[in-house]
Amino acid sequence: MTSVDAHEPRASSFRPAPLRIGRVAWLQILAEAWRVYPEEACGVLVGPTGTGEVVRFEPITNADASTRVFTLDGAEFAKATLRADREDLDVIGVVHSHTHTSALPSPTDVAEARKPLVPPTWYWAIASVAWGEPELRAHMVDPDGAGMVETAVVLTH
Ligand SMILES: [Zn+2]
């Protein structure tokens, strides 16, 4: 019952666009997840503003250095944001790994995603490397409800 509230079907009309990500970026997320395992890896997804089109994944140090939670290192996040801005791109999402649980947002993730300073349009992509085949799922804050709505993840090229 840890994350049911995060993804339980609800009567929301919100239908976010799928997150479209290339296999190279997906493998880079996995590489970062295994590099810092068993701590949680994190980083940002960069792409054109207002889309789910991932141009690249940028790993960012988990300032919490924790197996259970993550905080994007502030200086590295600022650099990634500036780099994206110079290319007319944007940070369109945040990604982190779960090393002990599934790829669904934890109650902590939902609370973090809904904080006032976190862009509500961000995709929250979670890579689970807890067991078996690694899994990537994405959610977005539900503007019509109290939780998050799952978005499809499409592996491109
Ligand atoms: Zn999480």
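Below, a trainee and a mentor talk through how the labels on this predicted model are earned.

Trainee: What should I know about the model before we start?
Mentor: This is a predicted model, where local features need pLDDT of at least 70 and side-chain atom pairs count only at pLDDT 80 or more, while totals for chains, interfaces and linings use all residues. Residues are numbered from 1 along each chain as its sequence is written.

Trainee: Let's begin with burial. Why is Ser 97 called buried?
Mentor: A residue is buried if 20 or more other C-beta atoms lie within 10 Å of its own, exposed if 12 or fewer, and partly exposed in between, with C-beta atoms placed from the backbone. Ser 97 has 28 C-beta neighbours inside 10 Å, so it counts as buried. Ser 97 is found in strand 4; helices (H or I, at least four residues) and strands (E, at least two) are DSSP runs, numbered from the N terminus.

Trainee: And what does Ser 97 touch?
Mentor: Two residues are in contact if their C-beta atoms, placed from the backbone, lie within 7 Å. Leaving out residues up to four places away in sequence, Ser 97 touches Ala 33, Glu 40, Ala 41, Ala 127 and Val 129. Ser 97 and Pro 38 are 59 residues apart in sequence and 9.5 Å apart in space, C-alpha to C-alpha.

Trainee: Which residue is joined to Pro 38 by a cis peptide bond?
Mentor: That is Tyr 37, and omega is about 5 degrees. Pro 38 lies in the loop between helix 2 (23–36) and strand 2 (42–47). For background, most residues other than glycine have a negative phi, and most peptide bonds are trans.

Trainee: What makes the phi of Ala 65 stand out?
Mentor: The phi of Ala 65 is near 40 degrees, a positive value in a residue other than glycine. Ala 65 sits in the loop between strand 3 (56–60) and helix 3 (74–86). With 12 C-beta neighbours inside 10 Å, Ala 65 counts as exposed.

Trainee: Is Asp 88 buried or exposed?
Mentor: Asp 88 has 8 other C-beta atoms within 10 Å, so it is exposed. Asp 88 also has a positive phi, about 60 degrees, although it is not a glycine, and its place is in the loop between helix 3 and strand 4 (90–98).

Trainee: Now helix 2. How do you know that its span agrees with what a helix should give?
Mentor: The expected span is 1.5 Å times one less than the number of residues. For the 14 residues of helix 2 that should be 20 Å, and the end C-alpha atoms are 20 Å apart, so the two agree.

Trainee: What puts the buried residues of helix 2 on the same side?
Mentor: The buried residues of helix 2 are Ala 25, Trp 26, Ile 29, Glu 32 and Ala 33. They cover an arc of only 120 degrees around the axis (taken from the directions from the helix axis to the C-beta atoms), so they are on the same side of helix 2. The face turned away from that buried side carries the exposed residues Arg 23, Val 24, Leu 27, Ala 31 and Arg 35.

Trainee: How do you know that the buried residues of helix 3 line one face?
Mentor: In helix 3, Phe 77, Ala 80 and Ala 84 are buried. Seen down the axis, they fall within an arc of 65 degrees, so they line one face of helix 3. What covers them includes strand 2, strand 3 and strand 4.

Trainee: Why are strand 3 and strand 7 said to stand at the edges of the sheet?
Mentor: Two strands pair if DSSP finds at least two bridges between them. The open sheet of six strands has the order 3-2-4-5-6-7, with mixed pairing. Strand 3 and strand 7 (148–151) each have a single partner strand, so one side of each is left without a neighbour in the sheet.

Trainee: What makes strand 4 and strand 5 a pair?
Mentor: Strand 4 and strand 5 (residues 123–128) share six bridges, in the parallel sense, set against the required at least two. His 96 stands opposite Ile 126 in strand 5.

Trainee: Last one: which strand gives the most to the largest nonpolar core?
Mentor: A nonpolar core is a set of buried Ala, Val, Leu, Ile, Met, Phe, Trp, Tyr and Cys residues joined through C-beta atoms within 7 Å. Of the 38 residues in the largest one, Val 44, Leu 45, Val 95, Tyr 123, Trp 124 and Ala 125 touch the most other members. Strand 5 gives the most to this core, with five residues.
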